Amino acid sequence: MAFSKIAAENLGGSTLPALAGGSLTGVGISVADQWRLSGNSLGDKDPITVWEKVDSTYNGTLGTGMSVSSGIFTFPQTGIWKVEFFGWLTRTQADDQVHFTLKNASNNDLVHVRGQVSNANYNSIVSFSVLLDITDVSNNNNKIKLVMSDSGASDGVASAKLHGDSTQNQSAFTFTRLGDT
């Protein structure tokens, strides 16, 4: 099958702005960024603070990514964002629950998931995915943090461990800006 050249003016300029000489502002994914837990996090944490930008050889990023300070993530621009988290969880005792809550910096709950490990030294995976409408990047309601509650701790001993490593994604966030708000 032969390929043909089609003049941009025949493509309907408002439908395909880049091909018709316009810009891609507001069209398609403009930011994709990934952060990993760089070391283990034990027991109750509000927020979990040991994050680093993934810098592995084949890691792809797009646009200006997230920033983090003291465990508080700030979005680089407004828009609809998909936030995904996965974590590798171990408990040293047979007290089975660990709660993870994604909160905004004003402490309002956005997502709550429970990791459960049935026996001591067993592993589990926790994950969530959420769409957020970020309307003002400087407002605390539009900054996020991950909180870990070791609610099943026996005798006050923190037995939950969220695994992290600076060379591989054992627990990580993926942030994708899907488009304008």
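In which strand is the place of Leu 178? Leu 178 has its place in strand S12, and I would like to use that strand as our way into this structure, keeping in mind throughout that what we have in front of us is a predicted model.

A word on confidence before we go further: the mean pLDDT of the protein chain is 82, and 78% of its residues reach 70 or more. The stretch to treat with care is residues 11-22, where the pLDDT is below 50, and where the model shows 11 contacts beyond near neighbours in sequence.

Let me return to strand S12, which covers residues 172-179 and is mostly covered, since 6 of its 8 residues are buried. Strand S12 has pairing partners that we can look at in turn. With strand S1, residues 31-37, it pairs in the antiparallel sense over 6 bridges, and if you want a point of reference there, you will find Arg 36 standing opposite Ala 172 of S12. With strand S6, residues 79-91, the arrangement is also antiparallel, and here 7 bridges join S6 to S12; in this case Lys 82 stands opposite Thr 176 of S12. As a general remark, the side chains of a regular strand alternate between the two faces of the sheet.

Now, to come back to Leu 178, this residue is partly exposed, with a relative accessible area of 34%. Together with Ile 29, Leu 62 and Leu 131, Leu 178 makes a nonpolar surface patch of about 360 Å². Leu 178 can belong to such a patch because its relative accessible area of 34% lies above the cut-off, which asks for over 30%.

Let me turn from the strands to some loops, where the backbone has features worth pointing out. In the loop between strand S2 (41-42) and strand S3 (51-53) we find Pro 47, and the peptide bond that leads from Asp 46 to Pro 47 is cis, with omega near 0 degrees.

What is the phi of Ser 70 near, in degrees? It is near 50 degrees, a positive value in a residue other than glycine. Ser 70 sits in the loop between strand S4 (67-69) and strand S5 (72-74), and at 57% relative accessibility Ser 70 counts as exposed.

Asn 107, which is likewise not a glycine, has a positive phi of about 70 degrees. Its loop is the one between strand S7 (97-104) and strand S8 (109-116), and with a relative accessibility of 41%, Asn 107 counts as partly exposed.

How values were computed: Residues numbered from 1 in each chain as written. Predicted model: local features only at pLDDT ≥ 70, side-chain atom pairs only at ≥ 80, totals over all residues. Heavy atoms only, no water. pLDDT = per-residue confidence, 0-100. Contact = heavy atoms within 4.5 Å. Buried < 20%, exposed > 50% of the residue type's maximum accessible area, 1.4 Å probe, protein only. Helix = DSSP H or I, 4+ residues; strand = E, 2+ residues; numbered from the N terminus. Pairing = 2+ DSSP bridges. Patch = residues over 30% accessible without salt bridge, like charges linked within 9 Å, V, L, I, M, F, W, Y side chains within 5 Å. Areas by Shrake-Rupley, 256 points an atom, 1.4 Å probe, with all protein chains shown as cover. Salt bridge = Lys/Arg side-chain N within 4 Å of Asp/Glu carboxyl O.
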